[in-house]
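Visitor: Please show me the model. I have some questions about side-chain packing and charge pairs.

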Amino acid sequence: PDAGRDAVAACGKIRQDVTTGCTVRMEVAKKNMEKGKDGLFKQIHGESGVELFVERLYDMIVSDSRIQKFFIGKNISQIREGLKLYFTELLGGPKIYKGR
């Protein structure tokens, strides 16, 4: 018996079930995001929660010497605002992110 061939044969039998399940879950998640039903946005208290998260994140970034070098010469306040809009939309809030 060839263990490698047996493993490939076994995986081949369940591959469609695995990929179908993944596709279904991705479609459900996409529809929930489109409808604004993503509970995570509500759990973090909406836009105020996103704002608090981003502010704390960047407070840590500007005080961490290991990370600071990546932000030298960058407009931190503009980056913060963009990230707030991005996370708001990503987590199920209003679609307000326009990109860079």
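Guide: The questions and answers below cover packing, rings, charge pairs and surface.

This is a predicted model: local features need pLDDT of at least 70, side-chain atom pairs count only at pLDDT 80 or more, and totals for chains, interfaces and linings use all residues. Residues are numbered from 1 along each chain as its sequence is written, and side-chain values use heavy atoms, with hydrogens and water left out.

Visitor: Which element gives the most to the largest nonpolar core?
Guide: A nonpolar core is a set of buried Ala, Val, Leu, Ile, Met, Phe, Trp, Tyr and Cys residues joined through side-chain atoms within 4.5 Å. Buried means under 20% relative accessible area, exposed over 50%, and partly exposed in between (1.4 Å probe, protein chains only). The largest core has eight residues: Phe41, Val50, Val54, Tyr58, Ile61, Ile76, Leu83 and Leu91. Four of them come from the top contributor, helix 3.

Visitor: Why is the pair of Phe53 and Phe87 called edge-to-face?
Guide: Rings of Phe, Tyr and Trp (its six-membered ring) pair if their centres lie within 6.5 Å; planes under 30 degrees apart count as stacked, over 60 as edge-to-face and the rest as tilted. The structure holds three aromatic pairs. In this one the centres of Phe53 and Phe87 are 5.6 Å apart, and the label follows because the planes stand at 70 degrees.

Visitor: How many residues apart in sequence are the parts that Phe53 and Phe87 tie together?
Guide: Helices (H or I, at least four residues) and strands (E, at least two) are DSSP runs, numbered from the N terminus. Phe53 lies in helix 3 (residues 46–63) and Phe87 in helix 5 (residues 76–90), so the parts tied together are separated in sequence by 34 residues.

Visitor: Which residues form one aromatic cluster?
Guide: Phe87 also pairs with Tyr86: the ring centres are 5.9 Å apart and the planes at 55 degrees, so this pair is tilted. Tyr86 is partly exposed, at 37% relative accessible area. The cluster is Phe53, Tyr86 and Phe87.

Visitor: Is Lys84, the partner of Glu55, buried or exposed?
Guide: A salt bridge is a side-chain nitrogen of Lys or Arg within 4 Å of a carboxyl oxygen of Asp or Glu. Glu55 and Lys84 form one at 2.6 Å, N to O. Glu55 is partly exposed at 23% relative accessibility. Lys84, at 10%, is buried.

Visitor: Which residues do salt bridges with shared partners join into one network?
Guide: The whole structure has six salt bridges. One of them joins the side chains of Asp59 and Arg80 at 3.4 Å, N to O. That pair links helix 3 to helix 5, with Asp59 and Arg80 21 residues apart. Another is Asp64 with Arg66, at 2.8 Å between the closest N and O atoms. The network consists of Glu51, Glu55, Asp59, Arg80, Glu81 and Lys84.

Visitor: What value is phi of His45 near?
Guide: Most residues other than glycine have a negative phi. His45 sits in the loop between helix 2 (39–43) and helix 3. This residue is exposed, at 63% relative accessibility. Its phi is positive, near 70 degrees.
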